[in-house]
Amino acid sequence: MLGNGRCEAMCIDGTKRLCHIRGKMHKKVWIAAGDIILVGLRDYQDDKADVILKYMPDEARLLKAYGELPENTRLNEGIVDEEDEGGADDYVEFEDEDIDKI
């Protein structure tokens, strides 16, 4: 996200484009890093596009299953910090005994 209703998107063809979020989606549909979006390319500007639709996670999985997205497309990953790759402290397991004490 770049602010002012704009974002930078990596397209399937390998081109990074500056995208404008259309008014109907602006402040109603939140786009985060790693989301799968549909962009409309401009005839007169190859390096710019317009965001038309944000796919929900289940829709993105279906697109990948139908072969519409390349196999190397990662779904629902977002931006991963190098510090968080270990992930050892991310999960806490509770046993039934702990719940009964509360």
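User: Lys 54: buried or exposed?

Analyst: Buried, at 18% relative accessibility. Buried means under 20% relative accessible area, exposed over 50%, and partly exposed in between, with a 1.4 Å probe and protein chains only.

User: What kind of model is this, and what goes into the values?

Analyst: The model is predicted: local features need pLDDT of at least 70, side-chain atom pairs count only at pLDDT 80 or more, and totals for chains, interfaces and linings use all residues. Residues are numbered from 1 along each chain as its sequence is written, and side-chain values use heavy atoms, leaving out hydrogens and water.

User: Back to Lys 54. Which side chain does Lys 54 meet in a salt bridge?

Analyst: Asp 35, at 3.4 Å from N to O. This pair links distant parts of the chain, 19 residues apart: Lys 54 is in strand 4, and Asp 35 is in the loop between strand 2 and strand 3. A salt bridge here is a side-chain nitrogen of Lys or Arg within 4 Å of a carboxyl oxygen of Asp or Glu.

User: And how exposed is Asp 35?

Analyst: Partly exposed, at 27% relative accessibility.

User: How many salt bridges are there in the whole structure?

Analyst: Four. Some of them form a network that links Asp 13, Arg 17 and Asp 46.

User: What are the distances there?

Analyst: Arg 17 to Asp 13 is 3.2 Å between the closest N and O atoms. Arg 17 to Asp 46 is 3.4 Å, N to O. Arg 17 lies in strand 2 and Asp 46 in the loop between strand 3 (37–41) and strand 4 (48–54), so that pair ties together parts 29 residues apart in sequence.

User: Is Arg 17 buried or exposed?

Analyst: Buried, because its relative accessibility is 3%. Asp 13 counts as exposed at 52%, and Asp 46 is exposed as well, at 56%.

User: Let's zoom out. What order do the elements run in?

Analyst: From the N terminus on, β-β-β-β-α-α. That is two helices and four strands. Both are DSSP runs numbered from the N terminus: helices are H or I with at least four residues, strands are E with at least two.

User: How much of the chain is buried?

Analyst: Buried residues make up 20% of the 102 residues.

User: How do strand 1 and strand 2 pair?

Analyst: In the antiparallel sense, over five bridges; strand 2 covers residues 16–21. Two strands pair if DSSP finds at least two bridges between them. One bridge joins Met 10 to Lys 16 in strand 2. The hairpin has five residues between the strands, and Gly 14 there takes a positive phi near 90 degrees.

User: Which strand 1 side chains are buried?

Analyst: Cys 7 and Ala 9, which point to one face. Arg 6, Glu 8 and Met 10 point to the other face and are not buried. In a regular strand, side chains alternate between the two faces of the sheet.

User: Cysteines next. How many disulfides turn up?

Analyst: Zero in the whole structure. Cys 7 is in none; the nearest cysteine sulfur, that of Cys 19, is 4.8 Å away. A disulfide needs two cysteine sulfur atoms within 2.5 Å.

User: Why no bond for Cys 11?

Analyst: Because the closest cysteine sulfur, in Cys 19, is 5.8 Å away, too far for a bond. Cys 11 is buried at 13% relative accessibility, and Cys 7 is buried at 4%.

User: What makes up the largest nonpolar core?

Analyst: Eight residues: Cys 7, Ala 9, Cys 19, Ile 21, Met 25, Ile 31, Ala 49 and Val 51. Strand 1, strand 2 and strand 4 each supply at least two of them. Apart from this core lies another, of six residues, including Ile 36 and Leu 63. A nonpolar core is a set of buried Ala, Val, Leu, Ile, Met, Phe, Trp, Tyr and Cys residues joined through side-chain atoms within 4.5 Å.

User: What does Ile 31 touch?

Analyst: Met 1, Ile 21, Met 25, Ile 37, Val 51 and Lys 54, not counting residues up to four places away in sequence. Contact means heavy atoms within 4.5 Å.

User: Last one. Where is Thr 73?

Analyst: In the loop between helix 1 (57–65) and helix 2 (96–101). Thr 73 is buried, at 16% relative accessibility. Its side chain reaches the backbone oxygen of Pro 70 at 3.0 Å. With residues up to four places away left out, Thr 73 touches Ile 36 and Lys 64.

Note on methods:
Polar contact = N/O pair within 3.5 Å; in protein donor to acceptor, adjacent residues only side chain to side chain.
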